[in-house]
Amino acid sequence: MNRRDGSLVVVLLAALALLAGVVVAPSFGPVVAVDSSPRATVAAGPVQGIVGRPSSITPLTARSQADRDLVALLYRGLVRLGPGTSVVPDLAAGWTVDRKGTQWTFRLRDDASWHDGVPVTSADVVYTVHVLQSPDYTGPLAATWAHVDVTALDAHTVRFELGKPVGGFLQAATLPLLPDHLLRDVPVADLADDPFATDPVGSGPFALVELDTDRAIVEPVLPQVDEGGSVLDNPSVVAPGPRTPRLTRLELRFFDTADDLAAAFAAGEIGSAGDLPPATAMALAGATPGATAFRYPGTTVTAVTFNLRAPGNPVADQRTRRALLAAIDRPTMIAELLGGAGSRADTPIPPSSWAYDPKAAPEVRHDRAAAASGLRAAGWTRSGKAWVAPGGSKPLVVTLLAPDESANPILNATAVRVAADWTSLGLATTVTALPPGEFVARLREGDYVAAVVDVNMGLDPDPYPILASTQVRDGGANVAGIQVGVLDQALVRARAPGALAARKSAYRELQVLLGTLQPMPTLFFRDAVMVAGPDLAGPVARPVAESADRFWDVVRWQSGR
């Protein structure tokens, strides 16, 4: 891999994805008032409402949340998410990995086929990866596979050679595949708008049978979908046996706004709602008789990043960053902005992750007195009720950057609350809200003092791209300019492949260090929340990287009517 290190675990600033025009984040925002008066029971049958409308239904070109939701139903990868934090075989029957963790070999299932009946082969794997590596592909996954060599050893065996071993490669292998036989002659630059993108042929448990501007209908096509399977080199994986999809059909109904979706569920027009802002979903579940909120712990962390590249930056001292974190009322943010559907972030490692150690990084509690003491310990002085930075002559005024409300309501609201908490401490802070493109440009160019950002750490968390010294250069994701040698070493050890016990030990060491250094003070992780009425049974919540991952167990869902 090159110096910009395209991590095999997707770690993206949410705003960067918005700028790319490929990922349109769901509308997160403060709670929307919901009428608590009794309503009719929710709609009969499996009808799920989602925010957005599809335009490019492929794994590599999806533009909207509706696109990504359909991709989750229609396509399959070599492996997929399993119960808890596991990864289980999907199109692959199993895999092997060498001791160095640089060579991965997958054996495809003999019975895997596309919805048109053509067998899934190694050519489909090679084609999908080569699209990602094409100079004409500009989506957010481009860097992820840039330095991976893929070879078809035979029709059902494919090998990946990694330039550098990365422990999270198995998560990367959940990437859904595209059919080589249907797309090999389509220019990569044209894939997003090719007729295939609205009439897709996948290999997943459901096939698209109807699509218009208001809804999509999918029906099961696989007679059996494995819930597990044998893994060539991992006998600990249990194979509970095959299962048959239990829904005879699933309808996705499209809505332009979260408010419209919430109103449709409350009125009983749909049986479930996905992709709602967490606070809205929680309020809706509480106000609708018989409804359940399924909370899927997410991997996107909301954090404050400081520009440490500027000479004499007043937050260069880790004691200052810790003090400013103590001034932020994170419990209230989680309660009010997320409706309680989230968790405090002590480091960038999600509490739901296998790598998380709750004792490694102590909580920084909301304590204004402790925050003031921390600033004094770091050399700050008082001027009336305001604070003067070390070496300064007048009170410091901080400008906090954030995306504008239309681009990311919850991040914008977070910035407003951070500014209010710092101002109450005596550090005058104003929020500058910017369009996504300008926001990203300011971060990349180092033209900022502080900013609030969303970073998706992935299900195999890898903070290396945002915290390693090598990632400060142009093109890297370390927009803060953090350069700490001991942290670099811990980041490398944590992302290295190895036995689970060894990886957990490396991650614990990393979390201890992150809790001490506070290189990018983290605020909270938010859950993806699906609200469902009593007629939908079967969903089981597990950690997810994004909202569409809620369909990980869709073959087990059942509808009462």
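Helices, in the numbering used here, are DSSP runs of H or I with at least four residues, counted from the N terminus. By that numbering, Asp329 sits in the loop between α8 (318-326) and α9 (330-337). The model is predicted.

**Exercise 1. The whole chain**

Task: Describe the protein chain by its secondary structure, burial, contacts and surface.

Solution.
Step 1. Take the elements. The chain has 15 helices and 25 strands.
Step 2. Take burial. Of the 561 residues, 57% are buried.
Step 3. Take the contacts between residues at least 6 apart in sequence. Of these, 72% join residues at least 24 apart.
Step 4. Take the surface. About 21200 Å² is exposed, and carbon and sulfur atoms supply 53% of that area.

**Exercise 2. A charged residue without a partner**

Task: Determine what surrounds Asp329 and how far away the nearest side chain of opposite charge is.

Solution.
Step 1. Locate the residue. Asp329 lies in the loop between α8 and α9.
Step 2. Check burial and pairing. Asp329 is buried but forms no salt bridge.
Step 3. Find the nearest opposite charge. That side chain belongs to Arg417, 6.9 Å away. A salt bridge requires the nitrogen of Lys or Arg to be within 4 Å of a carboxyl oxygen.
Step 4. List the contacts. Beyond neighbours within four places in sequence, Asp329 contacts His366 and Asp421. Asp421 is one of the buried residues of α11.

**Exercise 3. Helix α11**

Task: Compare the span of α11 with the expected span, then assess how covered the helix is.

Solution.
Step 1. Measure out the helix. α11 covers residues 409-425, 17 in number.
Step 2. Compare spans. From first C-alpha to last, α11 reaches 25 Å, close to the 24 Å expected at 1.5 Å a residue.
Step 3. Count the buried residues. They number 12 of 17, so α11 is mostly covered.
Step 4. Name some. Among them are Pro409, Ile410, Leu411, Trp422 and Leu425.
Step 5. Look past the end. Gly426, just after α11, has a positive phi of about 115°.

**Exercise 4. Two helices and their packing**

Task: Identify the buried residues of α14 and α8 and the elements they pack against.

Solution.
Step 1. Start with α14 (residues 485-495). Its buried residues are Leu487, Asp488, Ala490, Leu491, Ala494 and Arg495.
Step 2. Place them around the axis. They cover an arc of only 165°, so they lie on the same side of α14.
Step 3. Find their partners. These buried residues pack against α13 (464-467) and α15 (500-517).
Step 4. Turn to α8. Here Thr320, Arg321, Ala323, Leu324, Leu325 and Ala326 are buried.
Step 5. Find the partners of α8. Its buried residues pack against β15 (300-306), α9, α10 (368-377), α11, α15 and β22 (522-526).

**Exercise 5. Salt bridges**

Task: The structure holds 28 salt bridges. For the pairs Arg550 with Asp275, Arg253 with Glu251, and Arg344 with Asp346, give the closest N and O distance and the burial of each partner.

Solution.
Step 1. Take Arg550 and Asp275. Their closest N and O atoms are 3.0 Å apart. The pair links distant parts of the chain, 275 residues apart. Arg550 is in the loop between β24 (536-537) and β25 (558-559), and Asp275 in the loop between β13 (272-273) and α7 (278-287).
Step 2. Check their burial. Arg550 has a relative accessible area of 2%, and Asp275 has 3%. Buried means under 20%, so both qualify.
Step 3. Take Arg253 and Glu251. The closest N and O atoms are 3.0 Å apart. Arg253 is partly exposed at 26%, whereas Glu251 is buried at 5%.
Step 4. Extend this pair. Arg253 and Glu251 belong to a salt-bridge network with Glu210, Arg215 and Arg249.
Step 5. Take Arg344 and Asp346. The closest N and O atoms are 2.8 Å apart. Arg344 is partly exposed at 30%; Asp346 is buried at 9%.

**Exercise 6. A proline in a loop**

Task: Place Pro390, then find its exposure and its contacts.

Solution.
Step 1. Place the residue. Pro390 falls in the loop between β18 (386-388) and β19 (397-403).
Step 2. Read its exposure. A relative accessible area of 41% makes Pro390 partly exposed.
Step 3. List its contacts. Leaving out residues up to four places away in sequence, Pro390 touches Ala378, Gly379 and Trp380.
Step 4. Add one distance. The C-alpha atoms of Pro390 and Gly379 are separated by 5.2 Å, with the two residues 11 apart along the chain.

Conventions:
Residues are numbered from 1 along each chain as its sequence is written. This is a predicted model: local features need pLDDT of at least 70, side-chain atom pairs count only at pLDDT 80 or more; totals for chains, interfaces and linings use all residues. Side-chain values use heavy atoms; hydrogens and water are left out. Helices (H or I, at least four residues) and strands (E, at least two) are DSSP runs, numbered from the N terminus. The expected span of a helix is 1.5 Å times one less than its number of residues. Buried means under 20% relative accessible area, exposed over 50%, partly exposed in between (1.4 Å probe, protein chains only). Contact means heavy atoms within 4.5 Å. Accessible areas come from the Shrake-Rupley method with a 1.4 Å probe; for residues, only the protein chains shown count as cover. Lys and Arg count as positive and Asp and Glu as negative; His and the chain ends are not counted. The arc is that of the directions from the helix axis to the C-beta atoms.
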